[in-house]
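Okay, everyone, thanks for coming. Let me put the structure up, and then I'll walk you through a few parts of it.

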Amino acid sequence: MISKEFLNNLDLYNYLTDFISKEKFEKIENLVNYRSNYVLPILEDLYQYRNAGAIVRSMEAFGFQSLIALENRNEFKPESTVARGADKWIDISYKSSNLESLKEIKENGYQLVAVSPEKNAIDIYDFQLTQPTALIFGTEFKGINEETLNYADACIKIPMIGFTESLNVSVAAGICFYEMRKKLEESHLNWQLTEIQKLNLKIKWAIKSVSSGEEIAAHYIKSLKQ
């Protein structure tokens, strides 16, 4: 793992780009401008690896960079055949599934919004995205636990007009990511990463784009210290 002191090193990034194709370089340079941490998915103790993989794939496709997996009984492990490598390009943090973790997220500047029809939930299409928002998705069988619902700042719901009253969690997440992306694009919010964050991410992506990328980066850093 590359130490933090070198993550914002432009020379390191330039060195790494010599090992990747022009097409990959252009993709990295383009996609980093659409990445955002303004919307932060939180997954509460999911137990189906396929759902984890599908959610990771959807969030990456819509440009959301960070995800927090709250674990209690279940390990968060996206199934690779479903994620299709999406977990390679995002940042996943693991925390215990409890109020202390939620308090920490809130202290980092996020409002907590539960995706659940309880508590006078707001229609997702009417929800006003005006501040950094953590979207909480519950476990497959029981949904979001009561303690989390009571602590959340708001709830949003996806309107349905069929006999079915609920959606698979990965489907619900995909709809939410699409709608939140749309709201960001239509807003005047400062939702993009900072320039330092972009550079750090480009370095991470470049390392992941190169065979033995970690070793190549470590060799470069070692040469600087000699």
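Let's start with two helices touching each other. On the α4 side you've got N51, A54, I55, S58 and M59, and they meet V169, S170, A173, G174 and F177 in α8. If you sort the residues of that contact, you get six nonpolar, four polar and no charged. One thing to keep in mind as we go: this is a predicted model.

So how do those helices sit against each other? Helix α4 covers residues 49-61 and helix α8 covers residues 169-185, and their axes are 9 Å apart, at an angle of about 10°. Anything under 35 degrees counts as roughly parallel, and α4 and α8 are therefore roughly parallel to each other.

Now follow α4 over to the sheet. The helix lies across β1, which is 39-44, and also across β2 and β3. Relative to β2, α4 runs at about 160°.

Okay, the sheet itself. What is the order of the strands? Reading across, you go β3-β2-β1-β6-β4-β7-β5. That's seven strands in an open sheet, with parallel pairing. And which strands are at the edges? Those are β3, residues 91-96, and β5, and each of them pairs on one side only.

Let's look at the β3 edge. Its partner β2, residues 66-71, runs parallel to β3, and six bridges join the two. If you want a spot to click on, try L70, which stands opposite K95 in β3.

Over at the other edge, β5 is residues 122-123, and it pairs with β7 in the parallel sense over two bridges. I122 has I156 in β7 as its bridge partner. On to β4, residues 111-115: this strand also pairs with β7, residues 154-157, in the parallel sense, over three bridges. There, V115 is the residue standing opposite I156. So I156 turns up in both pairings, with I122 and with V115.

Last stop, a loop residue. Where is Q192? You'll find Q192 in the loop between α8 and α9, with α9 being 195-209. Is Q192 buried, exposed or in between? Its relative accessible area is 37%, so Q192 counts as partly exposed.

And what does Q192 touch? Setting aside neighbours within four places in sequence, Q192 is in contact with N33, R35 and K198. With N33 there's a specific link: the Q192 side chain reaches the backbone oxygen of N33 at 2.6 Å. Looking back to K182, that residue is 10 residues from Q192 in sequence and 14 Å away in space, C-alpha to C-alpha.

That's the tour, thanks!

Note on methods:
Residues numbered from 1 in each chain as written. Predicted model: local features only at pLDDT ≥ 70, side-chain atom pairs only at ≥ 80, totals over all residues. Heavy atoms only, no water. Axes fitted to C-alpha atoms, helices over the stretch in contact; angles between N-to-C directions. Helix = DSSP H or I, 4+ residues; strand = E, 2+ residues; numbered from the N terminus. Parallel < 35°, antiparallel > 145°, perpendicular 65-115°, else oblique. Contact = heavy atoms within 4.5 Å. Nonpolar A, V, L, I, M, F, W, Y, C, P; charged D, E, K, R; others polar. Pairing = 2+ DSSP bridges. Buried < 20%, exposed > 50% of the residue type's maximum accessible area, 1.4 Å probe, protein only. Polar contact = N/O pair within 3.5 Å; in protein donor to acceptor, adjacent residues only side chain to side chain.
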